[in-house]
Amino acid sequence: MNFQPQFNLQNGQLTGAESLVRWKHQGQHISPAEFIPLAEKFGLIQTIGSFVMRTSLEQLALWQTQGHQLPKIAVNASSAQISLQNFPQEIDAILTETQILPTQLDIEITETVLMENLKQQKCALQALQMQGIEISIDDFGTGYSSLAYIKHLSIDRIKIDQSFINDLGKNEESDSIVFAIITMGHSLGLKVLAEGIETAEQLKTLRKMNCDEGQGFLLGRPVAAEAFSFTPLDIKTLAQ
Ligand code: G
Ligand code: MN
């Protein structure tokens, strides 16, 4: 399991960390995009999902006992997992076990996936939000989500897909799309996080566009728990 820091783009404060599953098989990395669908197919999604959630929250608890302050941990959840009947109860149980506050948990859901199973997932998401858990839409911009749904579900955050951030500065349209997503997000009362920030130029543009939070190689790579840094960023210097 690796952890990638998330920062407030205006003041450089650490806002959280996303936990990323790494699967190593015969010396080769297998990405979650490959093994999650297989886990779903073979009925292993609940087992894997619970393992990822528990391990992530246990790590946060461990950091806390070591005196490290991390406002929240972002954990990816697959559609199949959220559709499971006991999903909210299970999260509840893991939170109690690890003594992590619901407000310290952010569940990331992929946009396409969310729109596909909206009805089943709505109840589950509402139950989670009632407890204070945050819900983020991952890879935003690549799927087909309607704004009405986002509003309806009272999502907390959108994560702009890294392909859009990668295109920043390449042409005017790319900048317009990112600016439109940020503005739209804010007008709906959402926090907006930019994924995949790799250059100072991208960071500078995002700061100008008032993007709230960011994640990416420039700010911090995914690392093992022991290597995770809790130091805030000197964001102004980084953006130069
Ligand atoms: O789907 P999701 O957004 O959760 O996936 C995040 C993935 O993006 C992780 O595998 C992570 O290693 C990768 N990633 C994180 N930051 C960057 C970045 O700045 N550039 C690129 N190319 N990939 C990144
Ligand atoms: Mn994610």
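## Salt bridges around Lys159

Lys159 and Glu195 are joined through their side chains by a salt bridge, with an N to O distance of 3.6 Å. This pair connects distant parts of the chain: Lys159 belongs to strand E8, whereas Glu195 sits in the loop between strand E9 (191–194) and H10, 36 residues apart. Both Lys159 and Glu195 are buried. The model described here is predicted.

Lys159 also pairs with Glu18, and here the closest N and O atoms are 2.8 Å apart. Glu18 is located in strand E2 (residues 14–20) and Lys159 in strand E8 (residues 157–160), so that this contact spans 141 residues of the chain. Because buried means under 20% relative accessible area, Glu18 falls in that class at 4%, and Lys159 does so at 0%.

## The wider set of salt bridges

The count of salt bridges comes to nine. Another of them links Arg157 with Glu134, the closest N and O atoms being 2.9 Å apart. Arg157 lies in strand E8 and Glu134 in strand E7, and the two residues are 23 positions apart. Relative accessibility is 1% for Arg157, which counts as buried; Glu134, at 15%, is buried as well.

Arg157 and Glu134 also belong to a network, in which salt bridges with shared partners join Lys72, Asp106, Glu134, Arg157, Lys191 and Glu213. In general, side chains of opposite charge can pair when their charged atoms come close.

## The manganese site

Glu18 has a further role as a donor to the manganese ion (ligand 2). The protein donors are Glu18 (OE), Asn76 (OD1), Glu108 (OE) and Asp138 (OD), at 2.0 to 2.5 Å from the ion. Along the chain, these donors follow the spacing E-x57-N-x31-E-x29-D. Within this group, Glu108 in strand E6 (residues 105–110) and Asp138 in strand E7 (residues 134–140) link distant parts of the chain, being 30 residues apart. Glu108 and Asp138 are both buried.

## Residues with positive phi

Most residues other than glycine have a negative phi. Asp139, which is not a glycine, nevertheless has a positive phi of about 50 degrees. Asp139 lies in strand E7 and is partly exposed, with a relative accessible area of 22%.

Gln26 likewise shows a positive phi, near 45 degrees. Gln26 is placed in the loop between strand E3 (23–25) and strand E4 (28–30). With a relative accessibility of 73%, Gln26 counts as exposed.

## The internal cavity

One cavity of 30 Å³ or more is counted, and the largest cavity holds about 50 Å³ of space. The lining of the largest cavity is formed by Gln46, Gly49, Ser50, Met53, Gln81, Leu84, Phe87, Glu90, Ile91 and Ile94. Helix H2 (45–65) and helix H4 (87–98) are the elements that give two or more residues to this lining.

## Surface features

Leu38, Phe42 and Leu44 make a nonpolar surface patch of about 320 Å². Leu38 is part of helix H1 (residues 32–41) and counts as partly exposed, at 46% relative accessibility.

Asn210 is located in the loop between helix H10 (200–208) and strand E10 (213–214). With 48% relative accessibility, Asn210 counts as partly exposed. The C-alpha atoms of Asn210 and Ser229 are separated by 25 Å, although the residues are 19 positions apart along the chain.

Definitions and conventions. Residues numbered from 1 in each chain as written. Chains lettered and ligands numbered in written order. Predicted model: local features only at pLDDT ≥ 70, side-chain atom pairs only at ≥ 80, totals over all residues. Heavy atoms only, no water. Patch = residues over 30% accessible without salt bridge, like charges linked within 9 Å, V, L, I, M, F, W, Y side chains within 5 Å. Areas by Shrake-Rupley, 256 points an atom, 1.4 Å probe, with all protein chains shown as cover. Salt bridge = Lys/Arg side-chain N within 4 Å of Asp/Glu carboxyl O. Helix = DSSP H or I, 4+ residues; strand = E, 2+ residues; numbered from the N terminus. Buried < 20%, exposed > 50% of the residue type's maximum accessible area, 1.4 Å probe, protein only. Donors = N, O, S within 2.8 Å, 3.2 Å for Na, K, Ca; no water. 1 Å grid on protein atoms, 1.4 Å probe; cavity = no way out; pocket = protein on both sides within 12 Å on 5 of 7 lines; lining within 4 Å. Points joined across faces, edges and corners; volume = space filled by probe spheres on them.
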